[in-house]
Each structure stands twice: as C-alpha cells, then as structure tokens.
Amino acid sequence: MYERILVPTDGSEYAADAAERAFELAATTDATVHVVSVAETGPLVSVRLPGDDASAAEILTRRASEFVAELETRADERGLEVSTAVLTGVPVREILEYADEVDADAIVMGTRGRGGVSRLMLGSVTDAVIRHSGIDVLVAGTRSEHVLPEE
C-alpha cells in the first residue's frame, strides 16, 4: 500500500501525534519513514540579536535538526527504516518538493503546528499541503486534546 511515508515536523505536539500515526502505518505496511523539518526562511533570518552568536536562520535550523533527531530516535526504537532531512525555505513548498524527491506515497501531518496551536481551524501549512499535494495526505488529530468549535 505505502512504501515511503513523509512526516513533516515542527516539533509541536500535533506533529508528534502525527508521527506516531505514521510510525504505526509504516510498521503495518513495512514502509520507510522520511522525517523532515523546514526551517522557514524570511526577511529577518540573517538578523542577530545583541548577545546572540547565531543568526535566526542558524537557530531555526538547529531547532529543526532537534525535531528531526527526536523523531528519528523514536522511529529507530520501533525498528523502522527512517530517513531524515532538514530543509530551509517556505514550508509548504519544501514539503511538497521533498515528497516528490523521495517519491513519497503519503504525507502524514498534524492538524496544526506551532504557529496555530490556538487556532480552531486546520493549520495553514497542513491546509496548503492538502490542497496542492498529488498524493495521499493523512491529517492526524492530537490524541491529547479535543478542540470543539464554539457555537
């Protein structure tokens, strides 16, 4: 069914829950898991704050590497074949291009990410990936909380 499953992460609990679903699916289908995190670039990524040795881009890339390493460890513990990447750029574009690059069969991601934890609607990155992906996108809700829209 699935041979290559892409799991984007931003380190949020939503991404962690989605990764767990992806790991379960990969174990069932004997698929390779591709974990990726995108350090988002923008106009201020080269800025250094007073007292900081690293630029915003370097800090974001380091954090993305930590997010990927954590999920790689969890996948390894389950005996899954895992591949990782840290990318820089616009998250939606990078996720979709990477999915093409690794010939992913499916993308498994959370309903929202760090930027949208308090939002009640689908996260903007997830929404855009769904709209522009040519492959299956599994959107995993968090198991730790249920958010109901207000009436």
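This tour moves through a predicted model, from the central sheet to its helices, its nonpolar cores and one buried tyrosine.

**The sheet**

Begin by selecting the strands. Five of them form an open sheet, and their order across it is β3-β2-β1-β4-β5. The pairing is parallel. In general, strands of a sheet pair through backbone hydrogen bonds, either parallel or antiparallel.

Next, colour β3 (82-89) and β5 (136-140), which stand at the edges. Each has a single partner strand, so one side of each is left without a neighbour in the sheet. A view across the strands shows their twist: neighbouring strands are turned by 25° against each other on average, direction ignored.

Now restrict the selection to β4 and β5. These two strands pair in the parallel sense over five bridges. To locate one bridge, select I107 and look in β5 for V137, its bridge partner.

**Helices on the sheet**

Add helix α1 to the display. This helix packs on the sheet and touches β1, β2, β4 and β5. The direction of α1 makes about 170° with that of β1.

Then show α4, residues 124-132. Helix α4 also packs on the sheet, with contacts to β4 and β5, and its direction makes about 160° with that of β4.

**The nonpolar cores**

Switch on side chains for I5, V7, F23, V33 and V35. These residues have the most contacts inside the largest nonpolar core, which has 19 residues. Two or more residues of this core come from each of β1 (4-8), α1 (13-29), β2 (32-40), α2 (56-77) and β4 (106-110). The largest share, five residues, is given by α1.

Centre the view on I5. Leaving aside residues up to four places away in sequence, I5 touches A22, L25, A26, T29, A31, T32, V33, H34, A106 and V108.

A second, separate core of 16 residues can be selected next; L6, A85, I107 and M109 are among its members.

**Y98**

Finally, select Y98, which lies in helix α3 (residues 91-101). Is this residue buried or exposed? Its relative accessibility is 7%, and because buried means under 20%, Y98 counts as buried.

Display the surroundings of Y98. Apart from residues up to four places away in sequence, Y98 touches L6, H34, V36, S83, T84, A85 and L87. Of these contacts, H34 is 64 residues from Y98 in sequence, yet their C-alpha atoms are 9.4 Å apart in space. L6 and A85, both touched by Y98, belong to the second core, while H34 is also among the contacts of I5.

Note on methods. Residues numbered from 1 in each chain as written. Predicted model: local features only at pLDDT ≥ 70, side-chain atom pairs only at ≥ 80, totals over all residues. Heavy atoms only, no water. Helix = DSSP H or I, 4+ residues; strand = E, 2+ residues; numbered from the N terminus. Buried < 20%, exposed > 50% of the residue type's maximum accessible area, 1.4 Å probe, protein only. Contact = heavy atoms within 4.5 Å. Core = buried A, V, L, I, M, F, W, Y, C linked by side-chain atoms within 4.5 Å. Pairing = 2+ DSSP bridges. Axes fitted to C-alpha atoms, helices over the stretch in contact; angles between N-to-C directions.
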